[in-house]
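Q: Got a minute to go through this structure with me? I'd like to start with a strand pairing.

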Amino acid sequence: MADHIVIVGGGPGGYEAAHVAAQLGAEVTVVDTDGVGGSAVLTDCVPSKTLIATSELMTDMSSAQELGVNFHDHQGDAATTITVDLARVNARVKQLAADQSADIAARLDRDGVRVVTGRGRLGPDLTVTATTADGEETLQADAIIVATGAAPRTLPSAKPDGERILTWEQVYDLTEVPEKLIVVGSGVTGAEFASAYLSLGIDVTLVSSRDRVLPGEDADASAVLEDVLTRRGMNVLGQSRMQSVTREGDTVTVTLTDGRTVSGSHCILALGSVPNTADLGLEDAGVTVDDGGFVKVDRVSRTSARGIYAAGDCTGVLMLASVAAMQGRIAMWHFLGDAVSPLDLKKVSSNVFTSPEIATVGWSQNAVDAGEIRAQVVMLPLAGNARAKMQGVRDGFVKLFCRPGTGIVVGGVVVAPRASELIHPVSIAVSESLTADQLAQAFTVYPSMSGSVAEAARRLHRV
């Protein structure tokens, strides 16, 4: 008889686990509350990157004149202003998210996965009770995966109202362009939204409690981004900790801990995430969570309870859709006896979708500087790349890390338009332990941005 897998949560950790389990012959039930795809598809990754696609186009348009392209109105006069229709942009955002969710649901259906719309709660002896519109259904499982994700963190002193004080999930209900936007939080989410709305022609102030934007990223990359953002007109308030956010009529005021205030028409709160693990029955099922409510897992996604796995943002391992998906797949490969390699965070590539983008993989400059790993480092500015010159790109670089002696590539950073695509050859090198010479000797197209990856690798050649 086939194993029955019950998955609580339909985001990347859940639906990718479902595909693997179905492929390996298991009977699979997904219990999901908000629609398959989870926040990644419905309220986070897909919507934000769709919005950013529009902002990227606006950025490209702003440099059109340098490339010899001029715009004229119907009377032949020079058109100097490009505006965005935010209502249409957000309608497209929501439609694409819904379409993506429908595509995932259709594929689950093709794989024979049953989707139950309701809230799942773990019970004793590997059971899950699904509370649906029609009542309760108890599902007996051979293995359970908890993949319930996380939600935007809010504070009592900064409560979103869904109109002018917004979490990043609420911005897609805006129909008019904000007059003056304040973004609180300079991590990945804050930086992405601040960069996107700046490119849409909006007056943006970024409130950062740290001394630089993206404190968790490569310092050289953060410096390039902050330089670009301030050059384009963003007001970046460093070392400025938010105390409260209040609204009076159409005005939102952010009060800082040092007494200063910043006023605007709208505010986006980007204060991090909290796991969706409350009232799931985890304690009764023997699943250990940490002080922050995140489910503790090992490198094959096992929790402290036999037969119960967890994947995605609810584990707090690394809050990326790609990591959630891999955790879910690993859980099923492990439980169903397929070949499995434990999760290796040093092989995870990630990207910040600002303008320019920042992509990273493997060991970091911080780790090298702290002596955690010995590595040779080369940094090659993009300004010398022929394709970059053609496209009017002046900001950005490729940075590679390789081991002295062996020359094996152990990490890299790319700051560039579409860095998310350019990081892939570096990611393959890190994953497969290729040397800088091997990376350098693979053909690249001339001219291309990826030529800078090969050139950086050539500079790491040891005679």
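Q: Which residue is the bridge partner of T255 in strand 15?
A: T261 is the bridge partner of T255. Strands here are DSSP runs of E, at least two residues long, while helices are H or I runs of at least four, all numbered from the N terminus.

Q: And what is this model, experimental or predicted?
A: This is a predicted model, where local features need pLDDT of at least 70 and side-chain atom pairs count only at pLDDT 80 or more, while totals for chains, interfaces and linings use all residues. Residues are numbered from 1 along each chain as its sequence is written, and side-chain values use heavy atoms, with hydrogens and water left out.

Q: Back to strand 15. How many bridges join it to strand 14?
A: Four, and the two strands run antiparallel. Two strands count as paired if DSSP finds at least two bridges between them.

Q: What sits between them?
A: Four residues, as strand 14 and strand 15 form a hairpin. G259 is in the turn, with a positive phi of about 100 degrees.

Q: Which side chains of strand 15 are buried?
A: V262 and G264, which point to one face. T261 and S263 point to the other face and are not buried. Buried means under 20% relative accessible area, exposed over 50%, and partly exposed in between, with a 1.4 Å probe and protein chains only.

Q: Any annotation around there?
A: An unreviewed UniProt entry has "domain: FHA" covering residues 243-300. Such annotations may be inferred rather than shown by experiment; positions follow the numbering used here, and feature names are shortened. The span is 0% helix and 40% strand, and its end C-alpha atoms lie 40 Å apart.

Q: New topic. What's the strand order in the five-stranded sheet?
A: The order is 19-20-23-22-21, in an open sheet with antiparallel pairing. Strand 19 (349-352) and strand 21 (376-381) are the edges, each pairing on one side only. Neighbouring strands are turned by 10 degrees on average, direction ignored. Axes are lines fitted to C-alpha atoms, for helices over the stretch in contact, and angles run from 0 to 180 degrees between N-to-C directions.

Q: How many bridges join strand 20 to strand 23?
A: Six, between residues 357-362 and 409-416. A359 stands opposite V414 there.

Q: Which helix lies across strand 21 and strand 22?
A: Helix 12, residues 451-458. Its angle to strand 22 is about 40 degrees.

Q: And the three-stranded sheet?
A: Also open and antiparallel, ordered 4-5-6. Its neighbouring strands are turned by 25 degrees on average, direction ignored. Strand 5 and strand 6 pair over six bridges, with T129 opposite T138.

Q: How many residues are in the largest nonpolar core?
A: 45, with L51, F193 and Y197 among those with the most contacts inside it. A nonpolar core is a set of buried Ala, Val, Leu, Ile, Met, Phe, Trp, Tyr and Cys residues joined through side-chain atoms within 4.5 Å. Helix 5 gives the largest share, six residues.

Q: What does F193 touch?
A: Leaving aside neighbours within four places in sequence, its contacts (heavy atoms within 4.5 Å) are S48, L51, W168, V171, Y172 and I268.

Q: How many disulfides?
A: Zero. A disulfide needs a pair of cysteine sulfur atoms within 2.5 Å.

Q: Why is C314 not bonded to C45?
A: Because the two sulfurs are 15 Å apart, too far for a bond, and C45 holds the closest cysteine sulfur to that of C314. C314 is buried, at 0% relative accessible area.
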